[in-house]
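Biologist: Can you take me through this model? I'd like to start with the ligand.

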Amino acid sequence: MDNFTAPINWYPGHMAKTRRLLSDQIKKIDLVIELCDARLPHSSRNPEVNRLASGKARIILLNKADLADPDITSQWIREIKKTGYEVHAIESTRLKQKEIISIIQHAKEDTVKRTLARGIKKTLRVMVLGVPNVGKSTFINQLRGKGIAQTGDRPGVTKSNQWVQITPYLELLDTPGLLWPRLDDQIAAKRLCYIGSIKDDILDMHMLAISLLEDLAESAPVPASERFHLENTQLRGTDLLDAACKGRGWLLKGNQYDYDRAARIILDEFRGGRRGRISLEKPHCDNTEVSV
Ligand code: GDP
């Protein structure tokens, strides 16, 4: 869809402030956990992390793997590994605290061993970074586990910016690092709208639903045609939305198509994974080079 305009909800001032805040926070961190959406491993990453977290150890976690196509997720893992990062597919909503701790410890094993050889048992400090809605809070809650108290205010640290002690040698910054969605790349911005990274109330929902249907018809034609009763997945634009309305019976009085209802349901079903496990991005396809 050529005339889709990505809504901009991050302004230059906003971004500059976030960038400063994150750069400050990252200074105190040993390991950055970059969370992205397994259905969009390209679009849900912000290449700015490379600058912000340069020189820091980093784990990339493809979250919501339960919603993505497992084969495509494995391809992404192989590709991202080639760029030198440790990467795992996870499902934050079911993840156990022990599993996350072991992923973190494994990623920093060398540093821990090196410092141990010098007689120091190092406390690792981690923070979680990602664009809106990729599951940062869910992940942090799982990592915090139940009944873990905050270590309390440290001098110069505000209440919403506290360290939580996970194990005697692992501390977590309890505020997620909120990255702005990438808006330089219009395709990425559009896909971020599908996963709810950009608020719906400033979007043209009809256009967004059409765009999602088009993406689905390309990347997952069989589930898309079954779910929306599309006989002809070659359709594009409004014709595609009309066909879905007809197929699913989203009609108003006088048999007019109910675009509002259609758009809401199409987006909700995608966000909730109710159309099966679908990845919208494959490595090495157009516009999905792996960020290094
Ligand atoms: P944040 O904005 O990055 O902090 O994202 P949240 O933690 O608030 O999560 C956004 C939504 O994604 C919530 O509805 C979560 O329940 C859901 N979510 C988080 N992780 C997963 C996951 O691994 N799988 C699924 N299916 N949903 C998840």
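Biologist: How far is the ligand oxygen from the polar backbone atom of N133?

Modeller: The two are 2.8 Å apart, and a polar contact here is a pair of N or O atoms within 3.5 Å. This is a predicted model, where local features need pLDDT of at least 70 and side-chain atom pairs count only at pLDDT 80 or more, while totals for chains, interfaces and linings use all residues. Residues are numbered from 1 along each chain as its sequence is written, and side-chain values use heavy atoms, with hydrogens and water left out.

Biologist: And which atom of the ligand does the side chain of D66 approach?

Modeller: A nitrogen atom, 2.8 Å from an N or O atom of the D66 side chain. N63 has a polar side-chain atom 3.1 Å from a ligand oxygen.

Biologist: How much of the ligand does the protein bury?

Modeller: It buries 70% of the 580 Å² that the ligand exposes when taken alone, by the Shrake-Rupley method with a 1.4 Å probe.

Biologist: Which helix gives the most to the shell around the ligand?

Modeller: Helix 6, residues 136-144, with 3 residues. Helices are DSSP runs of H or I, at least four residues, numbered from the N terminus.

Biologist: Switching topic: how do helix 4 and helix 6 cross?

Modeller: At roughly 95°, with the axes coming within 7 Å; axes are lines fitted to C-alpha atoms over the stretch in contact, and angles run from 0 to 180 degrees between N-to-C directions. The two helices are therefore roughly perpendicular, a label for 65 to 115 degrees.

Biologist: Which residues of helix 4 meet helix 6?

Modeller: Q97, I100, I101 and I104, which meet F139, Q142, L143 and R144 in helix 6; contact means heavy atoms within 4.5 Å.

Methods. Polar contact = N/O pair within 3.5 Å; in protein donor to acceptor, adjacent residues only side chain to side chain. Parallel < 35°, antiparallel > 145°, perpendicular 65-115°, else oblique.
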